[in-house]
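Please open the model in your viewer and keep the selection tool at hand. The stops below say what to select next and what is there.

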Amino acid sequence: MPNRYKIIDIIGKKYYESNIENGEFSYPKALKDDLKILKEKLEGNKYLDIRFTDKTKKVSVLVETKAKFNIKDEEQLFNYVELEKRLEKTNDIIAILANTTDDKIKVWKVMHNKIEKELLEAESKLKSFSEYTSLLEPQKANDKEKIIQSTYELNEILHKEGIDENLRSQFVGTILLSLKNGLNYNGLTTSQILAGIKEILNRLVEGLNKAEKLVILDRKIIQHEHIRKLESKNLIRVLDFIKNNILPYINDNTNEGQDLLNLFFTTFNKYVGKKDKNQAFTPDHIVHFMCKVAKVDRNSRTLDPTCGSGAFLVQAMVQSLKNCRTEAEKNKVKKEQIYGIEYEEQAFGLATTNMLIHGDGNTNVINADCFKSEDFIRNADINVVLMNPPYNAQKKYMPKEFTDKWSNSSTDPSKGFYFVNYVSKLVGKGKLLCLLPLACAIGNSGPIEEQKEQMLENNTLEAVFTLPNEMFYPGASVNACCMVFTLNKPHPEHHKTFFGYFKDDGFKKKKNLGRIDKGNWNSIEDEWLNLFENKIEKAGLSVVHEVTYKDEWLAEAYMETDYSKLTQQDFEQTINDYLAYLVKRGDK
């Protein structure tokens, strides 16, 4: 069991309270009552070892340490509980007995309006103050099916209220964020409700360019004419729907709940995608897989230089927080280890809101051009890059030194590869994972070959995963792959790169809902990770092969085919891909 100072660090220094010099908490000093009244409860137990409290949330955490606790020590602890009830009459209490000679602890929760105490499951690991606070709240059940259905219904409601598709994700995200942070709206007018939302945003947004973020959120949502013209009864209808049909089915104190929050928020980007077929919002399960490949943890400093709505940043933060041991480590992750850049203002607003919904982490997300953010990237000391760059960027968005070579092309001839190469040089260490069109893996001439050559001169190609067709449905229709590089380590001459043919993720298209997990994604992800981490060759799924910049970087070029799994659709897709390749070369 950690010593006293470690216990304080784990639970949270900001909540720690002591009122006597040796660091204990004196109830006689705090209560100032006639000691005769307290005599029965004190029984010599005047000084609690460690006390934490949050007067806003009305929660107290009491810790008594013993070399090896027994029944009598439990009685002593609950004498302190009774004294705490007298001191803070409306506080709920977590009471903890902790051995100092081993890892044994016992934890109880005591609600202020109940006489009985509840022994929680015996644990060997202390939690943070916020985690203990969540144990005192009514526990929500994560219900993915309910969230998916409610999201569809909510989209229909927003459609009837005339909320444009491009506005829905930001609008819904802002409402969810406001409700999670105590928005009061009953009996209020639309303008009063929007003023309350603005106040909450002003309290939550922090870090770089706070004023700029608030201006964007204010203009995109609070001042938007479609929102301001909503009748209060219709706005309240939307608020009630999210409060009653979304929030009760997401326990965001769990990893599954964090995933559901992201699912709910980003689902509305799919509706945007119906209009804009160039939008390529990365599916959350692919983001999760890429974070696992990159081994994101509490020591990772993660950058997405073209972060869009923030899917990579959110998942990197969730994975890093899950690996943290103390509240201090969690705060450090949120404030110092997640970095994002987004050029397009609306997507930047989405990223800011998305990070706030998931518990902060928006501090180092900026609205900027990644090609003009060299100092920001270098100063961030990044060791993990996760990115899905634009595949068809126009000249005005890219450096002149590159666009001068485009000849007659109106959009990026490298299909996003230039973004990857540029960022890799600025970061210069750690891992870089990127999503790019299959053309970037196949290309062996022109701008794409040039980027491939430069990448291997400076970095090692560890893996390329061919990903599912229609992965971005209903947005961009491009087929993509994920490339994995170790930065600042030139590709060795006889290095064996792993190639995965990861086309089947177990998801299927479903009307109005996009691609939905049939229920076996977790086992599929486990297999993909096992094949990659151990460089296992499996017919129809993976192969290990030496490549240069002139070669194709796809499993299909080297892998033994498992013909038993081929379908008519596979055959037709292969023929179509080949014909498209011939047309591109000018052979047809």
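Begin by selecting helix α15, residues 327-336 (helices are DSSP runs of H or I with at least four residues, strands are runs of E with at least two, and both are numbered from the N terminus), in which the buried residues are E327, E329, K330, V333 and K334; buried stands for under 20% relative accessible area, exposed for over 50% and partly exposed for what lies in between, with a 1.4 Å probe and protein chains only. These residues lie on the same side of α15 because they cover an arc of only 165° around the axis, the arc being that of the directions from the helix axis to the C-beta atoms. Their cover includes α1 (4-11), α5 (129-136), α14 (311-322) and β10 (338-342).

Residues are numbered from 1 along each chain as its sequence is written, and side-chain values use heavy atoms, with hydrogens and water left out. The model is predicted, and local features need pLDDT of at least 70, side-chain atom pairs count only at pLDDT 80 or more, while totals for chains, interfaces and linings use all residues.

Keep α1 selected and add the strands that it crosses: α1 lies across β1, β4, β5 (59-66) and β6 (92-99), and runs at about 15° to β4 (axes are lines fitted to C-alpha atoms, for helices over the stretch in contact, and angles run from 0 to 180 degrees between N-to-C directions). These strands belong to an open sheet of 6 strands with mixed pairing, in the order β1-β4-β5-β6-β7-β8, where two strands pair if DSSP finds at least two bridges between them. At its edges are β1 (16-17) and β8 (118-119), each of which pairs on one side only. Between β1 and β4 (residues 50-54), which run antiparallel, there are 2 bridges, and E17 has R51 as its bridge partner in β4.

Next, display the open sheet of 9 strands, also with mixed pairing, whose order is β11-β10-β9-β12-β13-β15-β14-β16-β19. Its edge strands, each pairing on one side only, are β11 (365-367) and β19 (542-546), and the twist averages 20° from one strand to the next. Within this sheet, β9 (residues 302-304) and β12 (residues 384-387) pair in the parallel sense over 2 bridges, with T302 opposite V384 in β12. Helix α16 packs on the sheet, where α16 touches β10 and β11 and its direction makes about 160° with that of β11.

Which residues does T352 contact, once its neighbours within four places in sequence are left aside? T352 lies in α16 (residues 345-357) and is buried, with a relative accessible area of 0%; its contacts (heavy atoms within 4.5 Å) are K213, L217 and N362.

Move to F498 in strand β16 (residues 496-501), a buried residue whose relative accessible area is 0%. Beyond its neighbours within four places in sequence, F498 is in contact with residues including F465, L531, F532 and V543. The C-alpha atoms of F498 and L461 are 8.7 Å apart, although 37 residues separate the two along the chain.

Finish with the largest nonpolar core, of 95 residues, in which F465, M483, F485 and W553 have the most contacts; such a core is a set of buried Ala, Val, Leu, Ile, Met, Phe, Trp, Tyr and Cys residues joined through side-chain atoms within 4.5 Å. Apart from it lies another core, of 44 residues, among them F171, L179, I221 and L261.
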